[in-house]
Amino acid sequence: MMNPFYQRAHFLTAATQLHQAPADSGREVAFAGRSNAGKSSAINAICHQKALARTSKTPGRTQQLIFFELDAERRLVDLPGYGYAKVSEAVKLQWQQHLAHYLEARRSLMGLVIVMDIRHPLTDYDRQMLAWGLKGEMSLLLLLTKADKLKKGPAQAARLAVERAVASHADRVSVQLFSAPERQGVEAVQGWLDRWLEVPQDQD
Ligand code: GDP
């Protein structure tokens, strides 16, 4: 079913430094994911749009935080997502400081969605994001995307394995199967976003 609230999402601004971000008021939910995990496809599916988040890599945008506005009080944020292995130590350090600063300092950040390819979950990148998210007070959702690449049994087994890995944080960390082309999990994710962003239900 179409959720018109998330379809409102539109590009607000891109920030290379936290001081370039929109005012830290209202509520926002950030999406993180290792490069190629399927983060852009997930954001587009959740917002019922074809090209809100870029599914092709654009050099120069990789280090930016991209803010999408839902309404005056609510935003989604696309975090930089390249994997550890492909970048230099200097870039890694810069990236880590940037992300860590955002995740620690941002008061309006209510939730963090970590998008992982179901076939390669909990990479070093994912574990780092999880650790930073747990340091703050936000809720976390581990989104196991490309679930359509596995049969049902192995997909459920992958979900259970990830749930077991984060069992000690089960009060704050949830796990969800997702597929952008099959739209599996879209409504479930919208449900989490509704709660974290306190979306008035009469707007749906
Ligand atoms: P990002 O780098 O994390 O933003 O990843 P993209 O959204 O650009 O996706 C990377 C590749 O995986 C693209 O070729 C997508 O078409 C593909 N992809 C993304 N999500 C899914 C999914 O749920 N199922 C399948 N089969 N492919 C997907």
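Contact here means heavy atoms within 4.5 Å. By that criterion Met2, leaving aside residues up to four places away in sequence, touches Gln7 and His48. This is a predicted model, in which local features need pLDDT of at least 70 and side-chain atom pairs count only at pLDDT 80 or more, whereas totals for chains, interfaces and linings use all residues. Residues are numbered from 1 along each chain as its sequence is written, and side-chain values use heavy atoms, with hydrogens and water left out.

Met2 belongs to the segment before helix H1 (4–7), where helices (H or I, at least four residues) and strands (E, at least two) are DSSP runs numbered from the N terminus. Although Met2 and His48 are 46 residues apart along the chain, a separation of 7.4 Å is found between their C-alpha atoms.

The sheet comes next. Seven strands make up an open sheet with mixed pairing, in the order S1-S3-S4-S2-S5-S6-S7, two strands being paired if DSSP finds at least two bridges between them. Strand S1 (10–15) and strand S7 (173–177) are at the edges with a single partner strand each, so one side of each has no neighbour in the sheet. Direction ignored, neighbouring strands are turned against each other by 25° on average; axes are lines fitted to C-alpha atoms, for helices over the stretch in contact, and angles run from 0 to 180 degrees between N-to-C directions. Strand S3 (residues 65–71) and strand S4 (residues 74–78) run antiparallel and are joined by five bridges, and Phe67 has Val77 in S4 as its bridge partner.

Two helices lie across these strands. Helix H5 (residues 152–165) crosses strand S5 (109–117), strand S6 (139–145) and S7, running at about 170° to S7, while helix H6 (residues 186–197) lies across strand S2 (27–33), S3, S4, S5, S6 and S7, at about 140° to S2.

Around the ligand there are 17 residues, of which Asn36, Lys39, Ser40, Ser41 and Asp148 come nearest; a residue is counted as near if one of its heavy atoms lies within 4 Å. Helix H2 (residues 39–46) supplies the largest share of this shell, three residues. Polar contacts are pairs of N or O atoms within 3.5 Å. An oxygen atom of the ligand is 2.5 Å from a side-chain N or O atom of Ser40, and backbone N or O atoms of Gly38 and Ala180 lie 2.9 Å and 2.8 Å, respectively, from an oxygen atom of the ligand.

Note on methods
A polar contact is a pair of N or O atoms within 3.5 Å; within protein, one must be able to donate a hydrogen and the other to accept it, and residues adjacent in sequence count only if both atoms are side-chain atoms.
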